[in-house]
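Work through the exercises below with the model open. Try each task before reading its solution.

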There are 2 protein chains.
Amino acid sequence: MVKEVTSFSNPLVKHARSLREKKQRRAEGLFLAEGLRILTEAREAGMLPERIFFSDGSHRLVQALIEAVEAAGGEAVETSEDIIHKISGKENPQAVIGVFRQFDTGLAQLDRNAAPLWIAAQALRDPGNLGTILRTGDAVGAGGLILIDDCVDPFSVEAVRASMGALFTQKIALARWEEFVAWLRGGPGQLVGTSLNTEQDYQAPRYAAPTFLLVGNESQGLPAAYEAECDLLVKIPMLGKADSLNAAVATAVMAYEVLNQRRRKG
Amino acid sequence: MVKEVTSFSNPLVKHARSLREKKQRRAEGLFLAEGLRILTEAREAGMLPERIFFSDGSHRLVQALIEAVEAAGGEAVETSEDIIHKISGKENPQAVIGVFRQFDTGLAQLDRNAAPLWIAAQALRDPGNLGTILRTGDAVGAGGLILIDDCVDPFSVEAVRASMGALFTQKIALARWEEFVAWLRGGPGQLVGTSLNTEQDYQAPRYAAPTFLLVGNESQGLPAAYEAECDLLVKIPMLGKADSLNAAVATAVMAYEVLNQRRRKG
């Protein structure tokens, strides 16, 4: 049964809109994802929203989403474009918004042997970078993203948007550094940090699976103690005036090197 | 002579703030750059603002900037943190803001033989992507960025910020597609597009200098006619569910491949 909502002050609208705030997301364990493409990707990965808002149910894929949500016991809410806009806060909102339950983000859920590559980011601050790193992780066949120390919320609207759906296909774990190191050293894994404090070129070493790429904070890089824990420190060559790359770019350059080595081995 | 400004309604403050709007930037041929790091990078590249706002002149590098600006006939304005915040519009504004004159963005100013690599982006929409591509261009030793068709303004506050100063070290040109192709074909240059419509792996070809990497719009990719004009179409492998990378990430993966080939040749 599709519910119809026409008022901005409807509690469902207010509730969805409140999930743009981290505090509210955390309190409820919910988050928002927007857009037909991202929600369809989620559905194909077996993830359905508990509630879906839509303004135009005529599209085949919107219909498929509504049916899947209702079949799983969720709720479909038909509403106006204006209300979708209000929930989204975006200038050109897409016509579908889902309210999803947050996933388990414990380290224990990760099976490190399920993928040859994992990405770990420390104190990442920018939600666009976080989402972009997830998207790159999906592309290179990474298992997931481990967010170390105080990172931006992976369930923020901006991060979900920048991930283009990879939030639903990549595993995500949150951990303090000590907790991560203890978990890492409890099994196989090569911890590789990018750093300015080494002369080792990033194309020189042969990376061993599972490789854990460790990326530091956007402006500070990795703390010295974290670099010291790495099995390998490598440097991406930079010929220009600046001494650093954007964090998501540096991650991608490293991740494609790991993938390319694996491709060459056949 | 440092001028002091304490009022939000001061015309210099209003003027600087107005440069956050593209229309105003275009009308005046000016733009804003913020932060000590970016302004110092600009100064080292020989680019000085016509006017500099600062709230704390005690820092050695701020002092160096003020002196350089005044020596070049520019104006230094001491003001409060609150007013800097108002101009910047950023939560944590940095303590220095410069008002710069826009550069020549004609194709004619580019010396294609000055660098082995150039980046061309078509209908790029996101200022963060634009700035990040400039930053990557600086790192890989590219000569500059050619913005084709309707791209986001490279002089926008967000693009300048994301470039981390590379706006001042990379050449920037704006051109319609036809104009770009005519210019390109008037000299040496290999036009390389990334595309889903090819089986050619991006690591297979040997790139020839000057290489022009062509990146398409974030959601549409390159138009078919533009792909047809390319000397080479290549594909970055993607193993996951998604069929595309973030535009700045794709550019970086390509640009590092070109750089790495050049490094191997010695």
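**Exercise 1. Place the residue with the unusual backbone angle.**
In which loop of chain A is A:Asp149 found, and is it buried or exposed?

Solution.
- Step 1. A:Asp149 is found in the loop between strand 7 (144-148) and helix 7 (157-163) of chain A. Helices (H or I, at least four residues) and strands (E, at least two) are DSSP runs, numbered from the N terminus.
- Step 2. Read phi. A:Asp149 is not a glycine, yet its phi is positive, about 60°.
- Step 3. Count neighbours. A:Asp149 is partly exposed, because 17 other C-beta atoms lie within 10 Å. The cut-offs: buried means 20 or more other C-beta atoms within 10 Å, exposed means 12 or fewer, and partly exposed is in between; C-beta atoms are placed from the backbone.

A note on the source: this is a predicted model, where local features need pLDDT of at least 70 and side-chain atom pairs count only at pLDDT 80 or more, while totals for chains, interfaces and linings use all residues. Residues are numbered from 1 along each chain as its sequence is written, and chains are lettered from A and ligands numbered from 1 in the order in which they are written.

**Exercise 2. Do the same for B:Met164.**
Where is B:Met164 found, and is it buried or exposed?

Solution.
- Step 1. B:Met164 is found in the loop between helix 7 (157-163) and strand 8 (171-175) of chain B.
- Step 2. B:Met164 has a positive phi of about 50° and is not a glycine.
- Step 3. B:Met164 is buried, because 24 other C-beta atoms lie within 10 Å.

**Exercise 3. Find the cis peptide bonds.**
Which residues does a cis peptide bond join in chain A, and which in chain B?

Solution.
- Step 1. In chain A, the cis bond joins A:Ala209 and A:Pro210, with omega about -10°. A:Pro210 lies in the loop between strand 9 (190-194) and strand 10 (211-215) of chain A.
- Step 2. In chain B, the cis bond joins B:Ala209 and B:Pro210, with omega about -10°. B:Pro210 sits in the loop between strand 9 (190-194) and strand 10 (211-215) of chain B.

**Exercise 4. Trace the pairing around strand 3 of chain A.**
In which sense does strand 3 pair with strand 4, and in which with strand 5?

Solution.
- Step 1. Strand 3 (residues 51-54) and strand 4 (residues 75-78) of chain A are parallel, with four bridges. Two strands count as paired if DSSP finds at least two bridges between them. A:Ile52 has A:Ala76 of strand 4 of chain A as its bridge partner.
- Step 2. Follow the connection. The chain goes from strand 3 through helix 4 (residues 60-71) to strand 4 of chain A, a right-handed β-α-β crossover. Right-handed means that, with the strands pointing away from the viewer, the path from the first strand over the helix to the second runs clockwise.
- Step 3. Strand 3 and strand 5 (residues 96-101) of chain A are antiparallel, with four bridges. Here A:Arg51 stands opposite A:Val99 of strand 5 of chain A.

**Exercise 5. Lay out the sheet of chain B.**
What is the strand order, and which strands are at the edges?

Solution.
- Step 1. Five strands form an open sheet with mixed pairing, in the order 1-4-3-5-2 (chain B).
- Step 2. Strand 1 (3-4) and strand 2 (30-34) of chain B are the edge strands, each paired on one side only.
- Step 3. Strand 3 (residues 51-54) and strand 5 (residues 96-101) of chain B run antiparallel and share four bridges. B:Arg51 is opposite B:Val99 in strand 5 of chain B.
- Step 4. Add a helix. Helix 4 (residues 60-71) of chain B packs on the sheet and touches strand 3, strand 4 (75-78) and strand 5 of chain B; its direction makes about 155° with that of strand 3 of chain B. Contact means C-beta atoms, placed from the backbone, within 7 Å. Axes are lines fitted to C-alpha atoms, for helices over the stretch in contact, and angles run from 0 to 180 degrees between N-to-C directions.

**Exercise 6. Describe the contact between the chains.**
How many residues of chain A touch chain B, and which helix gives the most?

Solution.
- Step 1. 27 residues of chain A are in contact with 27 residues of chain B.
- Step 2. Helix 6 (127-140) and helix 10 (247-265) of chain A each supply at least two residues of the chain A side. Helix 6 of chain A gives the most, with seven residues.

Definitions and conventions: Two residues are in contact if their C-beta atoms, placed from the backbone, lie within 7 Å.
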